[in-house]
Amino acid sequence: MNKKTLDLLEFNKIAEKVAFYALSESGKRAILRENPSSEYGDVVYAQQLTYEASLIVEKYLLLPVVAFDPVDEIIKKAEIGATLTMGELIKIARMIRAGRIARSTILSSGDDVTFLKSLIDNLYVDETLEKDINIAIVSENEMSDNASDKLKSIRRKIASTNIKLKEKLASYTRNNSVSNYLQDNLVTIRNNRFVLPVKANFKSFVPGLIHDQSATGSTVFIEPFVVVELNNELHTLQAEEQAEIEFILSEFTKRVYSNAEMLKLALDVCTTLDAVFAKYSFSVKNKCYKPELNKDGVVVLENARHPLLDKNKVVPISVRVGQDFDVLLITGPNTGGKTVTLKTVGLFCIMAYFGLWLPCDNAIINTFDGIYCDIGDEQSIDNELSTFSSHMVNIRNITNKITQNSLILFDELGGGTDPVEGSALALGIIEFILENKAKSIITTHYNELKEYGLTTNRVVNGCMQFDSKTFAPTYKLIIGMPGTSNAISIASRLGLKKEIVEKAQKHLNPEKQEFENLLKNAERIRNESLKELETAKAEREELNRERIRITQEGKKLEQAMQKVKNGAIAETKRLVSSSMQKADEIIERMKELRDKTDGGSYLEVKKLRKQLESIEDEYNKEEDFTQYIPLSKNDIRTGANCIVKSLQANGVILSSPDKKGYVQVRCGNITTKVKTDDLAEAKAEKEKPKPQIKASVKERNITTFLTELKVLGMTVDEAIGVIEPYLINMFENEGNKTIKIVHGKGTMALAKGLHRYFKDLPIVLEFRYGRYGEGDNGVTFVTVK
């Protein structure tokens, strides 16, 4: 790609953003140095590498790239025979590790990863060398004892000699006759030899070699003659140790030299992989879309967001060229976004060539053989060229290179000179572009170009939308109609004196003013139509959401109804089975007592017969749901008993009707929503010796408010039957709105079941477990609305 084009479109800033995601300095350098190729095959290859990187990470959950060091200079050093340091060998080991991990990880992926596999196909790493370096070298300044047997032996001798030295010298510090001559009872080192700190005026009392004295001269450091031989032995061993270390380093250097080509290949492959996965990371971070490539000259960007603008403020633009037109003429006010649109198109093409995905909703990119730009102020003081002349020199160079597969981006074509000649020159350039069948996007303020766009094939006008009420740009591109510059309106909005604005308007060409007014009216009508279209679209989306919601609620209702029916059937079967079993037991007992004549047996038979009649009555009793009495509006209230006709089940109303005529009803353990016209009056129950557990408020004769209710030992259903009437009573009457439910802890099954019930009950305002001192989790405080 042309370097000037890359600079004008600020591609270097994009490369810097991508380089941020690289793990190695080599990868960062490769990204910053890479010049994108627009050859179709190269672009396909770059895009496929990024796509396969996404497969590796997202589909196979693998991470083939790890941090490594740039080892090219280290390899060169080994090739010329210079011994490598321990730090350099550690970097070589990290490089081998990076190559090993990259190869094994990518090879473990699926058959849909082909380009990356071919990239590492020839990569060979010497794992033995990596292992040996890691065993031998502890850090940049320390070699392990395990580096060689000889080094281990030498270091053992050094340790033994050190012990002997210290013990010999320590005897001086423990000898009272000598310790009196010492400045301190300790052993120190001078000139790499163990010495004693002796008071200067007593130095003749400690025979030995003087190696140093203190700054004040009060202390001299003496090596006693008795340890000279041991010190000499220690020095000899230390020299042998250093020689062995140098030998080991030289051997490793030879192995690095023999693996130089392998290491260079590993460095190149890992650098490429680092760059590829950095491009993928950038694409994911910026919510980018994989572009569709073509060779037909088509560029389409939908809701494209310029990556260098603040992502919280950037306005997405949709732009296209090459499908039904070859030249797009963009008009509109200054600072309206025309130049940003030009740069976005050019930059997105280059980003795609680079292997990046694009921050937009959809993208079709052509592989142009050249992208040429004339954007910004081209004035050159050094070459004594005016703004217009500089533009013309650049345009001359561009027109000399134009081919059928070129993209030309001109900002304010023909500007900087007489408007009449400038517009004529611009029209001539546009016609030349059309003759060469190149693709171009051009910004302009000239009416002549707007008229040309209205009357010429393969040329289309576009405008940056402008709010006619606030005179503020919206930064949205509208293709198909020209725009107005609104220079005088903007000047007035920015505070230019009213009389100056009025004078300026008088100097407008009447024909031009009429044309501008026509464009303004057309733009106003189009903006209004777009707003109506957006409103209609929003309403349609809202209707779709409502339709989906209703469908989902309908399905939930059907499921709830089926659940109730299934539960009723199961309960009926259970009751019938239980009754039949009891009846059989009674009949068998009656048979046993049939032949007995004693009075006790007679009374027992009579009692059993009554039980049998009771079971028969219960078995034959059926609720008649065939005749319904509609529930009046006044009777539809919270706490009222009812029949749900569609479910053929008794229920209790839990809420008032909503706007759509639905109420919440609890039938047994099921809470559901039904239409009010699906409700009927509940049939009066026959008086029984004991009230129902789930009786209404009136049936339970609740006339006073309780502050505490105990349901210990009950099931969830039994507890709900006891609690619910009190909650409804509190809801319907003034006074206390909070009640304490004592349910105990145990397994917490009762507490959790009650909490699920409270959560779904519409009349409950809030509920909570007790706090410290209130009963903790053994109680729940419930407040109704």
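Which residue lies over the face of Phe 221? Arg 190 does, at 4.0 Å from the ring centre. Keep in mind that this is a predicted model. There is a second contact of this kind. The charged end of Lys 295 sits over the ring of Tyr 40. That distance is 4.7 Å from the ring centre.

On to ring against ring. How many aromatic pairs does a search of the whole structure find? Five. I will take two of them in detail.

Start with Phe 11 and Phe 354. Their pair is edge-to-face. The centres are 5.1 Å apart, with 80° between the planes. Over 60 degrees counts as edge-to-face, so the label follows from the angle. This pair links distant parts of the chain. Phe 11 is in helix H2, residues 11–19. Phe 354 is in the loop between helix H13 (338–353) and strand E11 (362–366). The two are 343 residues apart. Buried or exposed? Phe 11 is buried, with a relative accessible area of 4%. Phe 354 is buried too, with a value of 0%.

Now Tyr 45 and Phe 115. Here the ring centres are 5.4 Å apart and the planes are at 35°, so the pair is tilted. Again, distant parts of the chain are linked. Tyr 45 comes from helix H4, residues 40–59. Phe 115 comes from helix H7, residues 115–119. The separation along the chain is 70 residues. Both rings are in partly exposed residues. Tyr 45 has a relative accessible area of 34%, and Phe 115 has 27%.

There is also a ring cluster. Ring pairs link Tyr 757, Phe 758 and Phe 767 into it.

Back to the loop that holds Phe 354. Leu 358 lies in that loop as well, between H13 and E11. Leu 358 is buried, with a relative accessible area of 0%. Which residue is 76 residues from Leu 358 in sequence, but 9.8 Å away in space? Phe 282, taking the distance C-alpha to C-alpha.

Next, cavities. A search of the whole structure finds two of 30 Å³ or more. The largest has a volume of about 40 Å³. What lines the largest cavity? From the earlier part of the chain, Pro 64, Val 65, Val 66, Phe 68, Ala 98 and Ala 102 are in the lining. Cys 270 and Leu 273 complete the list. Two elements give two or more residues to this lining: helix H6 (86–107) and helix H12 (260–285). How does the lining divide by residue class? Eight nonpolar, no polar and no charged.

Cysteines next. How many disulfides does the count come to? Zero. Take Cys 288. The nearest cysteine sulfur is that of Cys 360, 7.7 Å away. Cys 288 is therefore in no disulfide, since a bond needs sulfur atoms within 2.5 Å. Cys 288 is buried, with a relative accessible area of 15%. Then Cys 667. Why is its sulfur in no bond with the closest cysteine sulfur? That sulfur is in Cys 642, and at 6.4 Å it is too far for a bond. Cys 667 is also buried, at 5% relative accessible area.

Now the backbone. Most residues other than glycine have a negative phi. Two residues to look at here have positive values.

One is Arg 458. Its phi is near 65°. Arg 458 is found in the loop between helix H16 (447–455) and strand E15 (459–467). At 35% relative accessibility, Arg 458 counts as partly exposed.

The other is Asp 776. Its phi is near 50°. Where does Asp 776 lie? In the loop between strand E24 (764–769) and strand E25 (779–784). Asp 776 is partly exposed, with a relative accessible area of 30%.

Last stop, Glu 502. Its place is in helix H18, residues 498–506. Glu 502 counts as partly exposed, at 39% relative accessibility. Ser 492 is ten residues from Glu 502 along the chain. Their C-alpha atoms are separated by 9.6 Å.

To recap three points. The lining of the largest cavity has no charged residues. The disulfide count is zero. The pair of Phe 11 and Phe 354 links parts of the chain 343 residues apart.

Definitions and conventions:
Residues are numbered from 1 along each chain as its sequence is written. This is a predicted model: local features need pLDDT of at least 70, side-chain atom pairs count only at pLDDT 80 or more; totals for chains, interfaces and linings use all residues. Side-chain values use heavy atoms; hydrogens and water are left out. On a 1 Å grid over the protein atoms alone, a cavity is a set of points where a 1.4 Å probe fits but cannot get out, and a pocket is an open set with protein on both sides within 12 Å along at least five of seven lines; lining residues have an atom within 4 Å of a point. Grid points are joined across faces, edges and corners, and a volume is the space filled by probe spheres set on the points. Helices (H or I, at least four residues) and strands (E, at least two) are DSSP runs, numbered from the N terminus. Ala, Val, Leu, Ile, Met, Phe, Trp, Tyr, Cys and Pro count as nonpolar, Asp, Glu, Lys and Arg as charged, and the others, Gly among them, as polar. Rings of Phe, Tyr and Trp (its six-membered ring) pair if their centres lie within 6.5 Å; planes under 30 degrees apart count as stacked, over 60 as edge-to-face and the rest as tilted. Buried means under 20% relative accessible area, exposed over 50%, partly exposed in between (1.4 Å probe, protein chains only). A charge sits over a ring if NZ of Lys or CZ of Arg is within 6 Å of the ring centre and within 35 degrees of the ring normal.
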